Amino acid sequence: MGNQVVEAVSAAADRIREQAPRNEAAGKLTGEATAALRECGVIRMLQPREHGGMEAHPREFAEAVLAIAALDGSTGWVAGIVGVHPWEMALADPALQQAIWGADQDTWIASPYAPMGVARPVDGGYVFNGRWQFSSGTDHCDWIFLGGRVAEPDGTLPEAPEHLHLVLPRADYEIVEDSWDVVGLRGTGSKDIVVADAFVPAQRVIPFRKLVDGTAAREAGLANPTYHVPFSCAFPLGITAAVVGIAEGALEHHLAYQRGRTQITGTRIKDDPYALTAIGEAAAEISASRTAVLDNASRMYDLVAAGHEVTFERRAIGRREQVQAAWRAVRAVDEIVARSGGNAMRSDNPMQRFWRDAHMGLAHAIHAPGAVLHASALGQLGLQPPPGPLRNMI
């Protein structure tokens, strides 16, 4: 089924590609771009079958995101972010799933997960407040996952509050217009979100610890290994796949541009061994990034399908592979763009947009290398990082 989505993306390639400058000008995906995403099926790939989803292999989802991002970075990014939310919703209360998808199986769910909100316990749930940045694709979503910290009953935060994912309908939060003014991924419409004194019943809350240790999937009784892949693999998967897909798109445009180009020196690119070496090196690096992202998804899936626990050490290695794949791909984009001449930076050359989008995607918190590489090295030395920053993104 996953291959069918990639085939559908291929069939809609011109349509998705044409929306790229329009998405950027609008500051969010156009109606045509979102229609293309709905029709190709990528947002339903990780959705439960009983709600019209495909329950696809995570690798297949990543392949679809790669294909879309190579056509337009913003469309690929929204596919990678919004497309992973049905995976988490599959772990939630069945009544909540029915409320979201019962009337329309194409209902989209936004995020962010960053624990910026404060959830004060009350009878039956929480009173929730906060402001979040970076809610990608949010204009096209009717529900949202938001990260929060559990406060004391008087509203004060304890020293080490529990983290939650809380689910709210569109009526319970505000999208802040004009809050997305950036240099890259402009078409994602990743705007701010504000929540003021919203009541969130306990049935619409997932403790973050249950996502990290796999308890949520076990308690939901899900049989498909896709839902037992660690959260720290599943959530970044769409993001990193989008960045690598953007790099593939940049390479494609670079090749098209260089194919018939003659440099100011009079040397044609096809006769310039230095330019050709740069192409070869960049293509190899981007290819290695694709392989790493897909291989990591397959390895995680195979482990949980075989009934094995995914240890912290293995999760850290998986995160290392994702982070390095993104950095390797974006460095390769820098190498080829720097050899494309000044015309690559003209507004009508798609290369400049792919270059900006790649750097914006790399700036996502999930690609911060320090703690991830640190923790993975400790794990390989047989050492366990203490609770805190070294474990937060793993």
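**Cavity.** I looked for enclosed space in this predicted model and found one cavity of 30 Å³ or more. I noted a volume of about 40 Å³ for the largest cavity.

**Lining.** I then listed the residues around the largest cavity: Leu46, Pro58, Trp87, Thr226, Val229, Cys233, Ala234 and Leu237. I sorted this lining by residue class and obtained seven nonpolar residues, one polar residue and no charged residue. I also asked which element gives the largest share of the lining. Helix α11, residues 231–259, does so with three residues.

**Helix α11 against α13.** I turned next to the packing of α11 on helix α13, which spans residues 312–337. I recorded an angle of about 20 degrees between the two helices and a separation of 9 Å between their axes. Angles under 35 degrees count as roughly parallel, and α11 and α13 are therefore described as roughly parallel to each other. I entered the crossing of α11 past α13 as left-handed.

**Contact residues.** On the α11 side I listed Ser232, Cys233, Pro236, Leu237, Thr240, Val243, Val244, Ala247, Ala250, Leu251 and His254. On the α13 side they meet Arg315, Arg319, Gln322, Ala325, Ala326, Ala329, Val330, Val333 and Ile336. I classified the residues of this contact as 14 nonpolar, four polar and two charged.

**Cross-reference.** I checked Cys233 and Leu237 in both lists: they line the largest cavity, and they also take part in the contact of α11 with α13. Ala234 I entered as a lining residue of the largest cavity.

How values were computed
Residues numbered from 1 in each chain as written. Predicted model: local features only at pLDDT ≥ 70, side-chain atom pairs only at ≥ 80, totals over all residues. Heavy atoms only, no water. 1 Å grid on protein atoms, 1.4 Å probe; cavity = no way out; pocket = protein on both sides within 12 Å on 5 of 7 lines; lining within 4 Å. Points joined across faces, edges and corners; volume = space filled by probe spheres on them. Helix = DSSP H or I, 4+ residues; strand = E, 2+ residues; numbered from the N terminus. Nonpolar A, V, L, I, M, F, W, Y, C, P; charged D, E, K, R; others polar. Axes fitted to C-alpha atoms, helices over the stretch in contact; angles between N-to-C directions. Parallel < 35°, antiparallel > 145°, perpendicular 65-115°, else oblique. Left-handed = near helix turned anticlockwise from the far one by under 90°. Contact = heavy atoms within 4.5 Å.
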